[in-house]
Amino acid sequence: MERGSSEPPVARNTGPTPSSSTDPVPIPRSSSFSCRPNPGSKKHKRTPLYQRSMSFDPGMLHSNGHTAYANGTGPGIREIGVVEKLLTSYGFIQCSERQARLFFHCSQYNGNLQELKIGDDVEFELSSDRRTGKPIAVKLLKIKPEVLPEERISGQVGPDLHAYPFTVLHGYIHPVVSSIPMHLDGKSAPGQVPTGSVCYERNGEVFYLTYTPDDVEGNLHLDTGDKVSFYMDTNKHTGAVSARNIQLVKKKQMRCQGVVCATKEAFGFIERADVVKEIFFHYSEFKGDLEALQAGDDVEFTIKDRNGKEVATDVRLLPQGTVIFEDISIEQFEGTVVKVIPKVPTKNQNDPLPGRISARIGFTDKELPFGEKDTKSKVTLLEGDHIQFNISTDRRDKLERATNIDIYPDTFDFTKETREMGVIAAIRDGFGFIKCVDRDARMFFHFSEVLEESQLHISDEVEFTVVPVGPLYNLFAKDMLSAQRNHAVRIKKLPKGTVSFHTQSEQRFVGVVEKELVATSNKNTSPTRGKEKETEEGTIAYEDCGVKLTVPFHAKDLEGGGLPQAGDKVEFSINEVKRTGLQSAVSIRVLNRNSSNTKRLHGFVATLKDNFGFIETANHDQEIFFHYSEMCGDLENLELGDTVEYTLSKGKGNKVSAEKVTKVAAVNGIGDDVVATVMMGKVIRPLRSVDPSQTEYQGLIEVAEEGGVKGQNYPFGIMGMANKADCLQKGELVKFQVCTVTQTAQKMACNVVPQRRAMVECVKDQFGFITYEVGESKKLFFHVKEVQDGLELQTGDEVEFSVVLNQRTGKCSACNVRRVSEGPKPVATPRPDRLVNRLKSITLDDASAPRLVIVRQPRGPDNSKGFNVERKTRQPGVID
């Protein structure tokens, strides 16, 4: 048989011929029937009977009134066909070689008519009816059915004959099968009968057989390369041989995909993409860089059976994002949380999706599960939360779950939870504490509980829910009892001014100071400047509805200038702390002073030292000492030039000092009568804060131009300085105006601005020096942050600046440095030619070349030896 033929080997029947007295007459071969298969054709015509070595006696046939020749002159043509219809005395035959249906009479059948059945193969001669002239079949002879082998032939699906080796399993012959072509939608090609082909081997010959989906048992879809077993079947009409009763023996070994879900010391596990299952793999089966393998990597692998268990082999990396387990809906849905995920899982909890969300999707109410990783944030969910989410559908088992869960802002209207308010009191690494309005203890919170991903800072006002503490609290909170084993969740940032720890009465009360404020610290101590001084609270007596009451007050609650004294009449409001219910007087304003009290004076802060300072009097001609312990209020906000109110007292040695110093609203510094003319002058005497050795407080400026009377002197104080922090030195040139002091009618210099210009001597990393003489030093220090406009100064630049005195160290420095003009650009000096030529002539192998001798091992700033920079070979004479 020719290789590639679609027809299997046909069993040749050589049985005994019917008994006859005469020798069998050979039937002539007709040119319309060929015994040679058409090359390249998979389906061939059935071999006629006279080619099958079958004998018969033509004398046994009888014409019964019909001629065996088309024209009645010679023998007719023998054909084969199938009995299509059989009645009592006649029937019809469907020709196998052509599209024709022939009548026959039962008298023309040679044999037992009882054995002739519909579907039997018969051989006949073509004749014609003498009356009608229509073709009829005569001299019918039943053909013995071919006996095809009933063995099951097995193999694998695939069109390539040499793609798969042929082996024998259980005595079966293994063919190759081509799967049925399918469209992307799973339907057969339009206008075509879906068929596949089976290729099998027998005695070194390879044959093809076709099959249809109906020939496959179990309604399975066969893929190319699948191993199958089947029987051969012959179509009685066409004679074509096909496969039937196809059974799947073994699916082709396919490459599977998945994601590495866990890695151990020498093995790992992969979550498969085809089924909801994990599979083991050993690191020896990974084909790639094992150091780069980590959980979450996409991989492909082959499944093999080892010791009765499935394992992954030939594991290889795939591009990230190749494996997709689920499809997430584009549309977002609204729902309600009906079951939350427990913070502490129970021992019997095996459900990976313990949460539940109820939602109406379409026209159906559904309950969808969700897990810890399905929420957009780590914010605690509560039952009844109004949320939005997407639906994720697992491609493997079609399980639907809620994901990308986000809380709606109006969820607090649905949960009916109790919300509390407070202020952020402390922030640590990943957690913090809230000062509560309604609780004494500070409330612990974790950053993961902040809604809307807003950044929190100290003093931010927030709203939150209090729940029992979880096990993680032990890692952060040290004061468990103070927190009452609760913590804050679902934290929402509020606008400034929303949270109030107090309630203030709208009604204004009038009373009399019964006890004035007294500082609690000892006057002999030297408190650190910058800390608010604690004062003993005062008391105000007042009447409300005919009942005499008292209320305490503090210095921070005073309004306007002046500290109230005993007997002063004041107006105030009452403030009540929400948490404790304690009351105090606030917004206190003095209505009438008690005439018997000591007179209060006004002045201006002229000097601030570590624990004391000096006040310039209202006449700007003297300075009064005061100790910080006498300051009522916050020292942190006290600056040079601030207006204060004080009382004079005499201490030890009959020295005058200021007591009960209180910062008040600013008043005019010197006077309203300011001359518009700007004069040039020269400082001939600085303020005493600059030169403590002089006895006079006031500084003195001499006029140095024609705009005024040359040589005329004008005094000035701290309030006459345009920049109160500027430190005017003797001999400096200044611009100023002249004003008249209202109280004394004295003419003084005001709006004094120094005229300083100097050259930058050098600039280091974050600081530099200006060539300017201040006291005994001929260089003036400055920090780069004092340079205006963020410019980078260079040596030789001309600058303008102010000089300030550090009260603590007594040293001066420059501030408000402004570049006036740039200095000459530095030019790099080239190396001498003799040095360059000498370096070019030196080689590393030259024994006479200069050698580097290490005298002392270098040490870095961290006391480490050597250099961290890798040493490289350099070309002599070449500068990098």
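This is a short tour of two barrels, one loop residue, the cysteines and two unusual backbone angles.

The model is predicted: local features need pLDDT of at least 70, side-chain atom pairs count only at pLDDT 80 or more, and totals for chains, interfaces and linings use all residues. Residues are numbered from 1 along each chain as its sequence is written, and side-chain values use heavy atoms, without hydrogens or water.

**Stop 1: the barrel with strands 25 to 29**

Select strands 25, 26, 27, 29 and 28. In that order, the five strands close into a barrel with mixed pairing. Neighbouring strands of this sheet are turned by 55° against each other on average, direction ignored. Such angles run from 0 to 180 degrees between N-to-C directions, with axes as lines fitted to C-alpha atoms, for helices over the stretch in contact. Strands are DSSP runs (E, at least two residues; helices are H or I, at least four), numbered from the N terminus. Two strands pair if DSSP finds at least two bridges between them.

Now pick residues 461-468 and 486-493. These are strand 28 and strand 29, paired antiparallel over six bridges. V467 stands opposite H487 in strand 29.

Step back to S459, in the loop between strand 27 (442-446) and strand 28. S459 is not a glycine, yet its phi is positive, about 80°. Most residues other than glycine have a negative phi. S459 is partly exposed, at 38% relative accessible area. Buried means under 20%, exposed over 50%, partly exposed in between (1.4 Å probe, protein chains only).

**Stop 2: the barrel with strands 50 to 54**

Select strands 50, 51, 52, 54 and 53. They close into a barrel in that order, and the pairing is mixed. Here the average turn between neighbouring strands is 50°, direction ignored. Strand 50 (758-763) and strand 53 (798-805) run antiparallel, joined by two bridges. A758 stands opposite V799 in strand 53.

Go to N816 in strand 54 (residues 812-821). N816 has a positive phi of about 50° and is not a glycine. Its relative accessible area is 36%, so N816 is partly exposed.

**Stop 3: cysteines**

How many disulfides are there? The count is zero, with a disulfide taken as a pair of cysteine sulfur atoms within 2.5 Å. C812 is in none; the nearest cysteine sulfur, that of C727, is 4.0 Å away. C256 is buried, at 13% relative accessible area.

**Stop 4: L318**

Finish at L318, in the loop between strand 18 (309-317) and strand 19 (326-328). Buried or exposed? L318 is buried, because its relative accessible area is 16%. Show its contacts (heavy atoms within 4.5 Å). Leaving out residues up to four places away in sequence, L318 touches Q257, D298, V299, E300 and V323. V299 is 19 residues from L318 in sequence, but their C-alpha atoms are 5.0 Å apart.
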